[in-house]
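Work through the following exercises with the sequence and the model open side by side. Each one sets a task and then gives a solution in steps.

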Amino acid sequence: MPASPGAVLNVNGQPSPRLLWFMSGSIGLITLPHAWHMPPLLIGFFGLMWLWRLLAISRPAWLPNRWGLFALTLAGIGLAYSQHRGVFGRDAGTGLFVVALGLKLLEIHGKRDVYVIVYLAFLVAATQFLYEESILMALYILLVCTVLLATLVTQNSVSPQTVPALKTAATLIVQALPIAAVLFVLFPRLEAPRWSWLDADNQAKSGLSDTLEPGSIAELSLSAELVFRVKFDADLPPPGQRYWRGPVYTLFDGSAWKAAPALFRAANPDQPAFGGKAYDYTLMMEPQKQNWVFALELPSAFPIGLRRNELYQLTTSKNPGDRAEYRISSVPSYNTGGINPAERRESLQLPGKPSERIRNLLAQLRGTAASPEVLIANLLQHFNRENFRYTLNPEPMPERQVETFLFERRAGFCSHYATAFVYLLRAAEIPARIVGGYQGGRFNTVGGFLEIRQADAHAWAEVWLDGKGWVRFDPTAAIAPERIEQGVNVDLQIASGAANFSPIQLDAKTLTWLQRSRQLWQNVDYQWQRWVINYDTDNQKALLQNLGIDDFVKLGYWLLLSVGGFSGLLAWRLLRPNRRRRDPVLQAYRQFCGKLRKAGVDFGPGDGPQTLAQRAKAVRPDLADTIERIVAVFIRLRYEPDAEAGDLRVLKTLIGSLRV
């Protein structure tokens with residue numbers, strides 16, 4: 001906590017050192033979180049200005065003159081421009097605010113400059129929510145804004161003290177929260193225009209991409225980054241059906257797969273036919289790079305704004321960099337129907353002719369049967385019985401990847417098995433492709449929802465069979481069935497760097513207190529994201545309609561009555577008589593006056609403390625020293641700016657020791 005600000009201004013009108021220490025500490029707390037997402041040169045420039053200001057508190061001569069400050073301003077603007085190639089956009093605007101705040105710290109000549117710095121710091125605090133919207137960040141910003149508001153309270157106090165200023169600032173914020181909540185719920189939401197997405201700075205986000213390389217998913221397996229959360233209306237689907245469909249990879253160059261283009265594709269001859277149990281759920285997507293929505297395979301019903309393309313993948317028209325929530329229904333049992341000629345050709349593409357070893361293996365697996373189902377069953381059995389291993393760290397296979405994997409290494413991740421599986425089926429003239437996405441998820445028993453993280457990334461195969469359409473086959477299940485049935489233990493897998501599976505825990509009674517606390521916090525964060533961060537125009541419209549507010553006139557009445565009601569209640573509480581807190585200094589002084597009356601001192605209500613002291617010393621010269629000390633401490637507490645917290649204790653002690 002910054003030091004007590006003490007006096008507000010020195011005799012020359014400059015802010016006192018104690019106020020500068022207090023304010024500088026506040027500014028440092030405000031800007032600290034930006035160190036994680038601003039360019040090092042920019043945050044270093046601000047840090048240099050901030051340290052310069054701290055050093056100059058005790059050495060004012062070290063501050064730059066007018067020309068020096070002008071040179072620093074040009075350097076700061078140039079640095080901000082060079083780091084972001086402009087001054088527009090989220091990152092560029094935030095960097096400009098931070099640079100301006102650092103420069104303004106070197107130019108403080110009076111109260112007005114303190115106000116400018118504090119107000120600019122409030123803007124910098126608000127920009128934190130452009131990067132992170134978690135409840136922890138909200139609490140942190142609320143704390144530092146309380147400290148900033150305490151700076152303003154201190155600026156306008158006769159006898160400023162740190163703790164009372166912080167209490168006053170906290171009281172003001174608590175009193176403002178009801179009105180802020182009303183405005184948050186009722187005030188029309190303003191959505192960013194779609195063209196502004198182009199101005200958003202691209203942040204590096206991990207996740208699946210439109211290219212699938214042998215080690216790409218293995219790298220994600222060591223990431224605990226949250227991808228999405230799912231809350232089912234009823235029972236969860238069994239673990240073997242928790243496949244969250246993403247991009248479809250069809251183009252193979254021998255080392256990597258490319259996602260099939262979804263635009264301008266020929267329409268499938270048939271629409272999917274669904275049968276069996278449907279699962280209704282709410283899916284909350286975290287910000288990501290692509291406009292993909294990972295629905296449970298296969299989505300049958302979804303809201304406006306989502307589209308199921310010809311590859312049966314859901315995409316959104318919203319900004320993928322924003323968190324979004326969708327109501328979706330999926331049916332794991334389905335038949336996609338026929339296949340068009342272009343799709344068949346695409347699903348049979350190979351980078352050259354299969355080698356003799358591949359053809360011999362296919363002949364061995366096919367046997368005398370020509371049925372694709374028999375070949376698939378034999379191939380999965382081959383993976384299961386021929387000493388293949390599942391590992392996150394396979395040896396590199398730079399050349400002849402499929403052959404090296406099948407005949408030499410025999411150790412790999414899900415993408416290796418899916419690649420080999422699809423390659424062999426295509427070599428046998430059976431249409432096949434790879435589907436990327438996520439499999440499984442960790443169940444939160446406190447909130448009743450699934451959390452899917454990057455470590456749950458998975459790749460499986462899809463084979464077109466006559467009369468059945470596209471059918472999912474997961475060769476990983478033949479090698480490591482516990483990966484599918486039990487799920488990934490994200491914490492242990494990241495800690496050990498090796499594949500680690502554990503049963504998905506559904507019984508809250510068996511959780512340890514640490515696990516329960518962690519799930520409780522995750523549930524708090526989930527509810528915060530759903531009801532606060534995800535409160536957009538659509539959610540507000542639905543809420544207002546439930547309240548019977550269907551036009552702007554009614555909305556205006558509600559806003560006026562709500563804000564006016566809270567304001568009136570607060571005004572009544574603050575202004576009603578006999579409720580103001582008594583001044584402890586005046587209380588002690590009145591006790592002193594009562595003792596002097598008992599000693600025979602005659603004085604009127606208009607007599608000041610010095611007049612009272614003169615009369616009291618004339619009546620009781622034996623108490624003259626004590627009376628002078630009491631009056632001097634009282635005057636310092638009441639009228640002078642250099643009073644300290646201990647002076648009140650001294651005053652009470654002196655008055656208590658006065659014997660008349």
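**Exercise 1**

In which helix is the place of D113? State whether D113 is buried or exposed, and list its contacts beyond the sequence neighbourhood.

Solution. The model is a predicted one. D113 is found in helix α5. Its relative accessibility is 7%. Buried means under 20%. D113 therefore counts as buried. Leaving aside residues up to four places away in sequence, D113 touches K104, E107 and I108.

**Exercise 2**

Characterise the protein chain as a whole: its secondary structure elements, its buried fraction, its contacts and its surface.

Solution. Begin with the elements: the protein chain holds 23 helices and 20 strands. Next take burial: 47% of the 660 residues count as buried. Then take the contacts with a separation of 6 or more: 71% of them are between residues 24 or more positions apart. Last, the accessible surface is about 33300 Å², and carbon and sulfur atoms account for 58% of that area.

**Exercise 3**

Compare the span of helix α1 with the expected value, then identify its buried residues and what covers them.

Solution. Helix α1 covers residues 17–31, which is 15 residues. From first C-alpha to last it reaches 21 Å, close to the 21 Å expected at 1.5 Å a residue. The buried residues of α1 are L19, L20, F22, M23, S24, S26, I27, G28, I30 and T31. Their cover includes α2 (40–58), α4 (90–104), α5 (111–127), α6 (135–155) and α7 (162–186).

**Exercise 4**

Which residues form a nonpolar patch on the surface, and which elements give two or more residues to the patch?

Solution. The members are L136, L139, L142, V174, L177, V446, L520, W521 and V524. Together they have about 760 Å² of accessible area. The elements that supply two or more residues are α6, α7 and α17 (513–533). Take L177 as one of the members. L177 lies in helix α7. With 42% relative accessibility, L177 counts as partly exposed.

**Exercise 5**

Place L283 in its strand, then work outwards to the neighbouring strands.

Solution. L283 belongs to strand β6 (residues 279–285). Its relative accessible area is 0%, so L283 is buried. The strand follows suit: 6 of the 7 residues of β6 are buried, so β6 is largely enclosed by the rest of the structure.

Now turn to the pairing. Strand β2 (residues 226–232) pairs with β6 in the antiparallel sense over 5 bridges, and F228 has M285 in β6 as its bridge partner. Strand β12 (residues 324–330) is joined to β6 by 7 bridges, again antiparallel. There M285 has A324 as its bridge partner.

Finally, check the contacts. The C-alpha atoms of L283 and F228 are 6.9 Å apart, with these positions 55 residues apart along the chain. Not counting residues up to four places away in sequence, L283 touches F228, R229, V230, V293, F294, A295, A324, E325, Y326 and I328.

**Exercise 6**

Give the strand order of the open sheet that contains β7, and name its edge strands.

Solution. The sheet has 3 strands in the order β7-β11-β10, with antiparallel pairing. The edge strands are β7 (292–293) and β10 (306–308), since each pairs on one side only. Between β7 and β11 (residues 314–316) there are 2 bridges. V293 stands opposite L314 in β11.

**Exercise 7**

Describe three salt bridges that link distant parts of the chain, and find the network that two of them enter.Solution. The count of salt bridges comes to 19. In one of them, E462 pairs with R245, their closest N and O atoms being 2.8 Å apart. E462 is in strand β19 (residues 457–465) and R245 in strand β3 (residues 243–252), 217 residues apart. Both residues, E462 and R245, are buried.

R323 forms a salt bridge with E286 at 2.9 Å between the closest N and O atoms. R323 is in the loop between β11 and β12, E286 in the loop between β6 and β7, 37 residues apart. R323 is buried at 19% relative accessible area, and E286 is buried at 10%.

E297 and R472 meet in a salt bridge of 2.5 Å, N to O. E297 is in the loop between β8 (295–296) and β9 (299–301), R472 in strand β20 (residues 469–473), 175 residues apart. E297 counts as buried at 1% relative accessibility, whereas R472 counts as partly exposed at 23%.

The network of salt bridges links R245, E297, E343, R433, E462 and R472.

Notes. Residues are numbered from 1 along each chain as its sequence is written. This is a predicted model: local features need pLDDT of at least 70, side-chain atom pairs count only at pLDDT 80 or more; totals for chains, interfaces and linings use all residues. Side-chain values use heavy atoms; hydrogens and water are left out. Two strands pair if DSSP finds at least two bridges between them. Helices (H or I, at least four residues) and strands (E, at least two) are DSSP runs, numbered from the N terminus. The expected span of a helix is 1.5 Å times one less than its number of residues. Buried means under 20% relative accessible area, exposed over 50%, partly exposed in between (1.4 Å probe, protein chains only). Contact means heavy atoms within 4.5 Å. Patches are made of residues with over 30% relative accessible area and no salt bridge: like charges are joined within 9 Å, nonpolar side chains (Val, Leu, Ile, Met, Phe, Trp, Tyr) within 5 Å. Accessible areas come from the Shrake-Rupley method with a 1.4 Å probe; for residues, only the protein chains shown count as cover. A salt bridge is a side-chain nitrogen of Lys or Arg within 4 Å of a carboxyl oxygen of Asp or Glu.
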